[in-house]
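Good morning, and thank you for joining. Please take a moment with the sequence and the structure before I go through the computed description.

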Amino acid sequence: MTDFKNKTVEAKAAELSTGTATIQEKLKKIFEYVRDDIKFQFPEEGDLLPASKIIEYGYGQCNNKSTLFLALCKATQIPARIHFSLISKDIQ
């Protein structure tokens with residue numbers, strides 16, 4: 001799902017990291033892109049959507065956004081990982 005070697009993901013990562021001098025600057029641009037440019041919406045595929053499709057669709061829910069954030073970090077050589085957990089339907 002974190003298809004960080006996909007051409008779409010690599011191109012977006014390169015675009016976001018252009019003009020950045022530090023890892024912090026890259027992280028800020030990646031974070032703001034995922035937060036602001038990827039709209040919150042539930043795709044039909046649910047959680048099982050690769051990062052490249054999330055960029056293509058321009059939307060995703062929280063797990064999709066996490067997948068995309070991870071892929072963009074990896075595509076810009078920033079070591080990263082994510083952790084998922086189950087949420088009770090009562091809480092949702």
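The chain exposes about 6,200 Å², and carbon and sulfur atoms supply 54% of that area. Accessible areas come from the Shrake-Rupley method with a 1.4 Å probe, and for residues only the protein chains shown count as cover. I should state at once that this is a predicted model, in which local features need pLDDT of at least 70, side-chain atom pairs count only at pLDDT 80 or more, and totals for chains, interfaces and linings use all residues. Residues are numbered from 1 along each chain as its sequence is written, and side-chain values use heavy atoms, with hydrogens and water left out.

Buried residues, meaning those under 20% relative accessible area, with exposed being over 50% and partly exposed in between (1.4 Å probe, protein chains only), make up 30% of the 92 residues in the chain. As for charge, the chain has 13 positive and 12 negative side chains, and the centres of the two sets lie 5 Å apart. Here Lys and Arg count as positive and Asp and Glu as negative, while His and the chain ends are not counted; the place of a charge is NZ of Lys, CZ of Arg, CG of Asp or CD of Glu.

Turning to overall form, the C-alpha trace spans about 45 × 25 × 20 Å along its principal axes. The radius of gyration is 13 Å, which agrees with the value near 12 Å for a compact globule of 92 residues; it is taken over C-alpha atoms, and the globule rule is 2.2 Å times the number of residues to the power 0.38.

The chain holds four helices and two strands, in the sequence order α-α-β-α-β-α. These are DSSP runs, numbered from the N terminus: helices are H or I with at least four residues, and strands are E with at least two. With contact defined as heavy atoms within 4.5 Å, 47% of the contacts between residues at least 6 apart in sequence join residues at least 24 apart.

Next, helix α4. Its 14 residues, 62-75, should span 20 Å at 1.5 Å a residue, and the end C-alpha atoms are indeed 20 Å apart; the expected span is 1.5 Å times one less than the number of residues. Which residues of α4 are buried? They are Asn64, Lys65, Thr67, Leu68, Leu70, Ala71, Leu72 and Cys73. Their cover includes α1 (7-17), α2 (23-37), β1 (39-40), α3 (51-57) and β2 (59-60).

The segment after α4 contains Gln77 and Ile82. Gln77 has a positive phi, near 65 degrees, although it is a residue other than glycine, and it counts as exposed at 67% relative accessibility. Ile82, at 34%, counts as partly exposed. Leaving aside neighbours within four places in sequence, Ile82 is in contact with Ser66, Thr67 and Leu70.

Finally, I consider two residues earlier in the chain. Phe40 lies in strand β1 and counts as exposed, at 52% relative accessibility. Beyond its neighbours within four places in sequence, Phe40 is in contact with Gly60, Gln61, Cys62 and Lys65. Its C-alpha atom is 18 Å from that of Ala71, 31 residues away in sequence. Ile23, in helix α2, is partly exposed, with a relative accessible area of 45%. The C-alpha atoms of Ile23 and Tyr59 are separated by 25 Å, with their positions 36 residues apart along the chain.
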